[in-house]
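Reader: I am in my first year of study and would like a close look at one part of this structure. Please begin with a single loop residue, and then set it beside other places in the chain.

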Amino acid sequence: MKQIKYVLPILLLGNLLCMMDVSIMTIVLPEIQTAFKVSLTNLSWTLNIYTIVFATFIIPFGRLAEKIGRNKFVFMGLIIFGIGSLLTGASTNLVLMLIARTIQSIGAASIIPTSMVIGLEISNQQNRHKIVAALAGVQGLAVALGPSIGGFVSQYWGWRWVFFINVPLVVLDLLLYPLALSMRNESKDTLSIDWFGAGLSIIMLFSLSLGLIKGNSWGWHSTGILGLFITAGCSLILFILLEQRLKSPMINMSLFESRNFDGAGISLVLCNFFWVVWPLSFPHF
């Protein structure tokens, strides 16, 4: 097994690119609006679709990676993300961009949760909390730096390069990846996937993400938003009750007994909330 100092930079770069594309697009929306001649409301779905798809599939993909092989799964995720980035930059209309952003987000959802598990696997008890902190920290930093980097790139090369710039970096990561992480003879989980739990997690995360993103525009007390939050809450309760009874759950609930795990998770949630959800939902503050 390769030393963590060779593996961690590869994982960090993948996480950096995926999380940066959550926020990097915000700065170039006016340019894309002019190019596509669409309303800002419709164009905002290019941001929303990335966040919603990413949040919706992050738990099921983490479990699916155990069946396929984590190293292979992240490698495939990088390829998908790179293709999505190329297609997003080459988009000529809103529909094509929405499809491309969906592909991007599927790649991101394949990379981030599994990267965290890989990082934990190759670390020891002494440096495990540092690995979690590094991965969680770079994700929060990427979201924060996204608009600044996007503004710099678009000013000198145009808005399309905000997405094209991902491609050479993804290729670099793909070239280095097999040197640090073996994809042969990976250990795989032979237990069956909890498809009902996967469905509940998808419903829960989709409802919560859509509700948080559209709460301001639809109205926080509107029937649609309240319905989404109720659906998310009920799905969460059912999900927790189900996972506690299964031998092969989607999420091992014992993880939440670790203060390092809880702290990293809370930090990441807060970073993404204040840098992504808050500006989109409360733009007047």
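Author: Lys37 is found in the loop that joins helix H2 (29-36) to helix H3 (40-43). The model is a predicted one, and in it the phi angle of Lys37 is near 55°, a positive value in a residue other than glycine. The relative accessibility of Lys37 is 72%, and because the cut-off for exposed is over 50%, Lys37 counts as exposed.

A second loop residue is Ile165, which sits between helix H8 (161-164) and H9. Its relative accessible area is 32%, so Ile165 is classed as partly exposed, a term for values between the buried limit of under 20% and the exposed limit of over 50%. Ile165 also belongs to a nonpolar surface patch of about 920 Å². Among the other members of this patch are Phe152, Tyr156, Trp157 and Trp161, together with Leu169, Leu172, Leu176 and Leu179. Helix H7 (128-157) and helix H9 (166-180) each contribute at least two residues to the patch. The most comes from H9, which gives four residues.

Residues within helices may be considered next. Thr231 is placed in helix H11 (residues 223-243). With 33% relative accessibility, Thr231 is partly exposed. A polar atom of the Thr231 side chain lies 2.8 Å from the backbone oxygen of Gly227. If residues up to four places away in sequence are left aside, Thr231 touches Ile203 and Ser207. Leu200 is 31 residues from Thr231 in sequence, while the C-alpha atoms of Leu200 and Thr231 are 10.0 Å apart in space.

Ser209 belongs to helix H10 (residues 195-218). The relative accessible area of Ser209 is 10%, and therefore Ser209 is buried. Again leaving aside residues up to four places away in sequence, Ser209 touches Ile52 and Ala55.

Finally, helix H1 can be considered as a whole. H1 covers residues 4-23, which makes 20 residues, and at 1.5 Å a residue the expected span is 28 Å. The C-alpha atoms at the ends of H1 are 29 Å apart, which agrees with that expectation. H1 is also mostly covered, since 14 of its 20 residues are buried.

To return to the starting point, Lys37 is exposed, whereas Ser209 is buried, and both Ile165 and Thr231 are partly exposed.

Note on methods
Residues numbered from 1 in each chain as written. Predicted model: local features only at pLDDT ≥ 70, side-chain atom pairs only at ≥ 80, totals over all residues. Heavy atoms only, no water. Expected span 1.5 Å × (residues − 1). Buried < 20%, exposed > 50% of the residue type's maximum accessible area, 1.4 Å probe, protein only. Contact = heavy atoms within 4.5 Å. Polar contact = N/O pair within 3.5 Å; in protein donor to acceptor, adjacent residues only side chain to side chain. Patch = residues over 30% accessible without salt bridge, like charges linked within 9 Å, V, L, I, M, F, W, Y side chains within 5 Å. Areas by Shrake-Rupley, 256 points an atom, 1.4 Å probe, with all protein chains shown as cover. Salt bridge = Lys/Arg side-chain N within 4 Å of Asp/Glu carboxyl O.
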